[in-house]
Amino acid sequence: MRNRNIITDTRKGYSDLLKYAALILIADSTSQIPRIIEEPIIFSYHKPVGSQNSTRFNDSNRYSLEKLKLNKQTLFHLKNLKSNWNGYNSKPINEEVIQITEDIISQLDYQPKLFPTGRGTIQIEFFKDENNLLEIEVFEKELFMYKIKNGEEMERNMSFDDLPKVITEFHV
Amino acid sequence: MFNENIDDNEFLFRGVVNVNWDFENDRPSSATFKDSFGVSVDRDGGRSQSECVSELLSKKNFIAICKVLTYDVREIGAIVKYLPIIPDNVYHSEIHDSIEVIQLKGKKPNKIRDKSLTVFKK
């Protein structure tokens, strides 16, 4: 009995040693290539939006395919607006403007709201609160921006190249 | 028929269609106040609010009607012109950016929207 107990104890000690070695290996791997441990093993890329473990997908407005789909539907609807759609002799929405807007929203992390104007342009609108908003009017050949960031107003023409920077700065 | 100079205390009424309504914030988008020409509005011309609303609704199936005080429009640097369309609409007026520029852009449409009140909503 006593000998058996000794053997059992020895096996238990060996098992603990293996566990300890495995822990060292994991800890070592974690310090060298943290993403491999952190993402495929611990986290899933398909966590629900707002998961407590996820910091990447915790903003429901970001990377929303559903909102992109809705905006594309809105643009499709805007194509069908006839003259005088607003009751004030408005123009139909320019097809080039619709195409430009579609190109813009397809590349955005955050989906804006889209509104047609009576002059045939489209307004891309991001609104956080009264002191933080961004309105970009898409014309056929130019963009016009009106922004309030932390209560400070700015309005100006902008190029298409400026667009990603302006939108990124607004969301920072 | 009316005084050419619209009084500061007169309200200007504008109908809003579905696609210009911001459902998330329950108000018109500032895009409502962006037009090729001036922004068409109806001055109250001494009518009651319900008369102004009824007349606009008889012309189009607007989702909402909003009103803004002439004083507030002038306060942000825009111009209000009385431009009646005889005989169709004797109350017709327009909001212009300035004496030289007709189209409103950037902050002025946004400020007018902020100053406006929704007086009818479906």
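Here are some worked exercises on a predicted model with chains A and B.

## Exercise 1: Meet the two chains

Task: Describe how the secondary structure of chain A and of chain B is made up, and what share of each chain is buried.

Solution:

Step 1. Start with chain A, where you will find 5 helices and 5 strands. Walking from the N terminus, you meet its elements in the order α-α-α-α-β-β-β-β-β-α.

Step 2. Turn to chain B, which has 3 helices and 8 strands. Its pattern along the sequence is β-β-β-β-α-β-α-β-β-α-β.

Step 3. Now look at burial. In chain A, 34% of the 172 residues count as buried. In chain B, buried residues make up 53% of 122.

Step 4. Add the surface. Chain A exposes about 11,500 Å², with carbon and sulfur atoms supplying 54% of it. For chain B the accessible surface is about 5,600 Å², and 51% of that belongs to carbon and sulfur atoms.

Step 5. Finish with the contacts that have a separation of 6 or more. Residues 24 or more positions apart account for 36% of these in chain A and for 72% of these in chain B.

## Exercise 2: Find the nonpolar cores

Task: Work out which elements give two or more residues to the largest nonpolar core, and which element gives the most.

Solution:

Step 1. Begin with the core itself. The largest one has 36 residues, and those with the most contacts inside it are A:Leu78, A:Ile104, A:Ile122, A:Phe126 and A:Leu134.

Step 2. List the elements that give two or more residues to this core. From chain A they are helix H3 (65-79), helix H4 (95-106), strand E2 (122-129), strand E3 (132-138), strand E4 (143-149) and helix H5 (163-171), and from chain B there is helix H1 (49-59).

Step 3. Pick out the element that gives the most: H4(A), with 5 residues.

Step 4. Zoom in on A:Ile104. Leaving aside residues up to four places away in sequence, A:Ile104 touches A:Ile124, A:Val138, A:Leu143 and A:Leu163.

Step 5. Look for another core. A second, separate one has 20 residues, including B:Ile6, B:Val39, B:Ala78 and B:Ile112.

As background, nonpolar side chains in soluble globular proteins tend to be buried together.

## Exercise 3: Follow strand E3 of chain A

Task: Explain how E3(A) pairs with E2(A) and E4(A), and why A:Glu135 counts as buried.

Solution:

Step 1. Take the E2(A) side. E2(A) and E3(A) run antiparallel and are joined by 7 bridges; the hairpin between them passes through 2 residues. One bridge partner in E3(A) is A:Glu137, which pairs with A:Gln123.

Step 2. Take the E4(A) side. Here the pairing is antiparallel over 6 bridges, and the hairpin has 4 residues between E3(A) and E4(A). The partner of A:Glu135 in E4(A) is A:Tyr146.

Step 3. Check both faces. A:Asn132, A:Leu134, A:Ile136 and A:Val138 point one way, while A:Leu133, A:Glu135 and A:Glu137 point the other way, and all are buried.

Step 4. Focus on A:Glu135. Its relative accessibility is 2%, so A:Glu135 counts as buried; the cut-off is under 20%.

Step 5. See what surrounds A:Glu135. Beyond residues up to four places away in sequence, A:Glu135 touches residues of both chains, among them A:Phe144, A:Met145, B:Ser30, B:Lys34 and B:Gly106. A polar contact of 2.7 Å also links its side chain with that of B:Asn110.

Step 6. Cross to chain B. B:Asn110 is one of the buried residues in helix H3 (residues 107-115) of chain B. The buried residues of H3(B) pack against E3 and E4 of chain A, and also against elements of chain B, including strand E5 (64-69) and helix H2 (70-75).

## Exercise 4: Trace the sheet of chain B

Task: Give the strand order of the open sheet in chain B and name its edge strands.

Solution:

Step 1. Read the order of the 6 strands: E6-E7-E4-E1-E5-E8, with antiparallel pairing.

Step 2. Identify the edges. These are strand E6 (79-82) and strand E8 (117-121), each pairing on one side only.

Step 3. Consider the turn between neighbouring strands, which is 35° on average, direction ignored.

Step 4. Visit each edge. E5(B) and E8(B) are joined by 4 bridges, with B:Cys66 partnered by B:Thr118. E6(B) and E7(B) also pair over 4 bridges, and B:Ile79 has B:His96 as its bridge partner.

Step 5. Compare the faces of E6(B): B:Val80 and B:Tyr82 lie on the covered face, B:Ile79 and B:Lys81 on the uncovered one.

Key: Residues numbered from 1 in each chain as written. Chains lettered and ligands numbered in written order. Predicted model: local features only at pLDDT ≥ 70, side-chain atom pairs only at ≥ 80, totals over all residues. Heavy atoms only, no water. Core = buried A, V, L, I, M, F, W, Y, C linked by side-chain atoms within 4.5 Å. Buried < 20%, exposed > 50% of the residue type's maximum accessible area, 1.4 Å probe, protein only. Contact = heavy atoms within 4.5 Å. Polar contact = N/O pair within 3.5 Å; in protein donor to acceptor, adjacent residues only side chain to side chain. Areas by Shrake-Rupley, 256 points an atom, 1.4 Å probe, with all protein chains shown as cover. Pairing = 2+ DSSP bridges. Axes fitted to C-alpha atoms, helices over the stretch in contact; angles between N-to-C directions.
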